[in-house]
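Grab the model and work through these exercises with it open. Each one gives a task, then a solution in steps.

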Amino acid sequence: MRAVVVERWGGPEELVEREVERPEPGLNEVLVRVHAAGVNPVDWKTRASGALIGWDAVPAVGWDVSGTVEAVGPGVGLFRPGDEVFGMPRFPRQAGAYAEYVVAPARHLARKPAGLTHTEAAALPLAGLTAWQALVDTADVRPGERVLVHAAAGGVGHLAVQIAKARGAYVIGTAGAAKHALVRELGADETIDYRSVRFEDAVSDVDVVLDGIGGGTAERSISVLRDGGRLITLPGPDDVPAAPDGVRATWMLVEPDHHGLREIAALVERGAVRPVVETVLPLAEAAKAHEIGEQGRTTGKIVLTVV
């Protein structure tokens with residue numbers, strides 16, 4: 001099968017297409033014929049160096065997949081050949097989603113949302129599960145709460161805005177001014193242009209902050225939280241600031257989640273969530289996808305088409 005692999009740690013040029021042996025599903029695993037693979041910041045970070053998540057071997061890159069079940073291994077009762085599925089297998093272990101086929105534990109997948117193309121569905125798993133697990137499982141966002149989403153037009157952010165809104169929250173999003181119309185279209189009640197305004201001067205009494213930026217953003221976000229507020233930061237544990245009594249600050253790393261995928265699919269099917277795909281490229285142009293992503297200006301997601 002065709003697969004994009006990393007020859008050695010380094011830049012996008014280290015992504016090369018090769019013919020490799022097709023994997024076979026084992027116990028409780030399925031073989032998925034990949035139609036599309038989503039591209040995420042963690043992809044290019046692990047391509048550059050495995051230090052991000054403790055790898056000491058050059059990675060088979062990529063996690064987000066949408067495709068069709070080709071075969072099932074022993075013990076699988078959840079799917080059968082021909083089922084359309086999407087998911088984020090094995091994260092943060094290697095999955096090798098930039099390929100024509102991928103083997104995944106069956107419960108790292110769910111049925112593809114009805115009405116979405118494979119390209120759209122491939123944009124959902126990692127970013128969608130990150131937003132879901134942060135806002136629902138970790139922060140337990142309630143109706144009427146005020147939620148501040150940083151980088152609200154980005155991969156995680158644009159889905160977080162929609163999930164928070166679906167939970168009945170009042171949503172505030174930071175983004176460049178050119179992206180405010182989209183962020184409001186996705187459900188934000190307020191938008192803040194982070195280039196011209198310090199968000200801590202524009203908003204207060206927030207219940208939940210989702211920080212996908214890191215650096216000083218998490219520390220600055222503490223000041224906008226009310227008593228009982230929750231800050232969830234995504235870039236890394238070193239970005240978790242000291243928090244005063246009555247405020248919770250935590251780092252969260254996404255994990256494969258069959259239940260979460262089903263919940264996200266249900267939101268899609270009722271029209272409450274839609275993925276925004278800005279750039280679509282063929283598998284052979286994975287290096288170009290990484291070059292675009294590393295510029296940090298992507299609205300929504302980048303997706304590779306495989307078949």
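**Exercise 1: the core**

This is a predicted model, and its largest nonpolar core counts 49 residues, with Leu135, Val147, Val161, Ile163 and Ile232 making the most contacts inside it. Work out which helices and strands feed this core, and which of them gives the largest share.

*Solution.*
1. Go through the elements that each supply at least two core residues: helix 3, strand 8 (146-149), helix 4, strand 9, helix 5 (180-185), strand 11 (206-211) and helix 8 (258-269).
2. Now pick the top contributor: helix 3 provides the largest share of this core, with eight residues.
3. For background, nonpolar side chains in soluble globular proteins tend to be buried together.

**Exercise 2: the largest pocket**

Describe the largest pocket by its volume, its lining and the classes of residue in that lining.

*Solution.*
1. Start with the volume, which is about 1400 Å³.
2. Next, the lining: 49 residues, with Pro41, Lys45, Ala151, Gly212 and Ile213 nearest the centre of the pocket.
3. Sort the lining by class, and you get 28 nonpolar, 14 polar and seven charged residues.
4. Map it onto the fold: at least two lining residues come from each of helix 1 (41-48), helix 3 (125-138), helix 4 (155-166), strand 9 (170-175), helix 7 (217-221) and strand 15 (301-305).
5. Helix 1 takes the largest share here, with four residues.

**Exercise 3: rings**

Find the aromatic pair and say whether its rings are stacked or edge-to-face. Then look for a charge over the ring of tyrosine 101.

*Solution.*
1. The count comes to one aromatic pair.
2. Its partners are tryptophan 63 and phenylalanine 91, with ring centres 4.9 Å apart and 75° between the planes. Planes over 60 degrees apart count as edge-to-face, so that's what this pair is.
3. Place the partners: tryptophan 63 is in the loop between helix 1 and strand 4 (65-72), while phenylalanine 91 is in the loop between strand 5 (84-87) and strand 6 (101-105). With these positions 28 residues apart, the pair links distant parts of the chain.
4. Both tryptophan 63 and phenylalanine 91 are buried.
5. As for tyrosine 101, the charged end of arginine 22 sits over its ring, 4.9 Å from the ring centre.

**Exercise 4: arginine 80**

Is arginine 80 buried or exposed?

*Solution.*
1. Locate arginine 80 in the loop between strand 4 and strand 5.
2. Its relative accessible area is 61%; the cut-off for exposed is over 50%, so arginine 80 is exposed.
3. For scale, the C-alpha atoms of arginine 80 and leucine 182 are separated by 38 Å, and the two residues are 102 apart along the chain.

Definitions and conventions. Residues are numbered from 1 along each chain as its sequence is written. This is a predicted model: local features need pLDDT of at least 70, side-chain atom pairs count only at pLDDT 80 or more; totals for chains, interfaces and linings use all residues. Side-chain values use heavy atoms; hydrogens and water are left out. On a 1 Å grid over the protein atoms alone, a cavity is a set of points where a 1.4 Å probe fits but cannot get out, and a pocket is an open set with protein on both sides within 12 Å along at least five of seven lines; lining residues have an atom within 4 Å of a point. Grid points are joined across faces, edges and corners, and a volume is the space filled by probe spheres set on the points. Ala, Val, Leu, Ile, Met, Phe, Trp, Tyr, Cys and Pro count as nonpolar, Asp, Glu, Lys and Arg as charged, and the others, Gly among them, as polar. Rings of Phe, Tyr and Trp (its six-membered ring) pair if their centres lie within 6.5 Å; planes under 30 degrees apart count as stacked, over 60 as edge-to-face and the rest as tilted. Buried means under 20% relative accessible area, exposed over 50%, partly exposed in between (1.4 Å probe, protein chains only). A charge sits over a ring if NZ of Lys or CZ of Arg is within 6 Å of the ring centre and within 35 degrees of the ring normal. A nonpolar core is a set of buried Ala, Val, Leu, Ile, Met, Phe, Trp, Tyr and Cys residues joined through side-chain atoms within 4.5 Å.
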